[in-house]
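Welcome! Here are some exercises to work through at your own pace, each followed by a solution in steps. Have a look at the sequence and the model first.

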Amino acid sequence: MATVIETAQDVQAIEAVIPAAQAIVCQLWAKLETLDTRIRRREIGSGLDWHLARAIELAQSLPLSAPANLGIWTDEATPDEIAHKIIGQVNWVNPIN
């Protein structure tokens with residue numbers, strides 16, 4: 001599930017609605033320049049400024065306070081490469097390969 005987890009209460013809320021869930025929180029990191037480029041590629045219109053400001057806010061606050069089990073740098077990595085890194089670190093079996 002892709003979402004922003006800022007507190008332990010966020011994790012508890014997810015676990016509460018998914019029976020027998022034990023969440024593993026993976027924090028994805030990227031340089032601010034990378035975040036800016038990615039956001040400008042996907043956001044248009046009036047929401048762009050909000051998303052840019054929120055990305056900076058989260059980049060500064062999450063490493064200090066988020067309840068992450070692991071973290072992965074995503075600069076210059078494709079979504080597929082990032083997914084494989086996550087799978088490898090949480091010891092999931094990749095059913096595709």
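**Exercise 1.** Leaving aside its neighbours within four places in sequence, which residues is Gln 27 in contact with?

*Solution.* Keep in mind throughout that this is a predicted model.
- Step 1: Find the residue; Gln 27 belongs to strand 1.
- Step 2: Set aside the neighbours within four places in sequence, and the contacts of Gln 27 are Leu 62, Pro 63, Ala 66, Ala 68, Leu 70, Gly 71 and Ile 72.
- Step 3: Check how covered the residue is. Buried means under 20% relative accessible area. Gln 27 has 8% relative accessibility, so Gln 27 counts as buried.

**Exercise 2.** Work out where Leu 62 lies and what it is in contact with beyond its neighbours within four places in sequence.

*Solution.*
- Step 1: Leu 62 is part of helix 3, which covers residues 48-65.
- Step 2: With a relative accessible area of 14%, Leu 62 is buried.
- Step 3: Apart from neighbours within four places in sequence, Leu 62 is in contact with Ile 5, Glu 6 and Gln 27.
- Step 4: Take one of these partners, Ile 5: Leu 62 and Ile 5 are 57 residues apart in sequence, but their C-alpha atoms are 8.3 Å apart in space.

**Exercise 3.** Describe how strand 1 and strand 2 are arranged, and say which residues of strand 2 are covered.

*Solution.*
- Step 1: Strand 1 takes in residues 26-29, and this strand pairs with strand 2 in the parallel sense, over four bridges.
- Step 2: Strand 2 runs over residues 70-73; Leu 70 and Ile 72 make up its covered face, while Gly 71 and Trp 73 make up the uncovered one.
- Step 3: Look across the pairing, where Trp 29 stands opposite Trp 73.

**Exercise 4.** How many aromatic pairs are there, and how do the rings sit?

*Solution.*
- Step 1: The count is one aromatic pair.
- Step 2: The ring centres of Trp 29 and Trp 73 are 5.7 Å apart and their planes are at 50°, so the pair is tilted.
- Step 3: Trp 29 lies in strand 1 and Trp 73 in strand 2, so the pair ties together parts that are 44 residues apart in sequence.
- Step 4: Trp 29 itself is partly exposed, at 28% relative accessibility.

**Exercise 5.** Is Glu 76 buried or exposed, and what does it touch?

*Solution.*
- Step 1: Glu 76 sits in the loop between strand 2 and helix 4 (79-89).
- Step 2: Exposed means over 50% relative accessible area. Glu 76 has 80% relative accessibility and therefore counts as exposed.
- Step 3: Not counting residues up to four places away in sequence, Glu 76 touches Arg 38 and Glu 81.
- Step 4: Glu 76 and Pro 63 are 13 residues apart along the chain, and 20 Å separates their C-alpha atoms.

**Exercise 6.** Which residues form a nonpolar patch on the surface?

*Solution.*
- Step 1: The patch is made of Met 1, Val 17 and Ile 18, which together have about 360 Å² of accessible area.
- Step 2: Ile 18 lies in the loop between helix 1 (8-17) and strand 1.
- Step 3: Ile 18 is partly exposed, its relative accessible area being 37%.

**Exercise 7.** Give an overview of the protein chain, from its elements to its surface.

*Solution.*
- Step 1: The protein chain has four helices and two strands, in the pattern α-β-α-α-β-α along the sequence.
- Step 2: Of its 97 residues, 26% count as buried.
- Step 3: The protein chain exposes about 7200 Å², with carbon and sulfur atoms supplying 57% of it.

Conventions
Residues numbered from 1 in each chain as written. Predicted model: local features only at pLDDT ≥ 70, side-chain atom pairs only at ≥ 80, totals over all residues. Heavy atoms only, no water. Buried < 20%, exposed > 50% of the residue type's maximum accessible area, 1.4 Å probe, protein only. Pairing = 2+ DSSP bridges. Patch = residues over 30% accessible without salt bridge, like charges linked within 9 Å, V, L, I, M, F, W, Y side chains within 5 Å. Areas by Shrake-Rupley, 256 points an atom, 1.4 Å probe, with all protein chains shown as cover. Salt bridge = Lys/Arg side-chain N within 4 Å of Asp/Glu carboxyl O. Contact = heavy atoms within 4.5 Å. Phe/Tyr/Trp six-rings, centres within 6.5 Å; stacked < 30°, edge-to-face > 60°.
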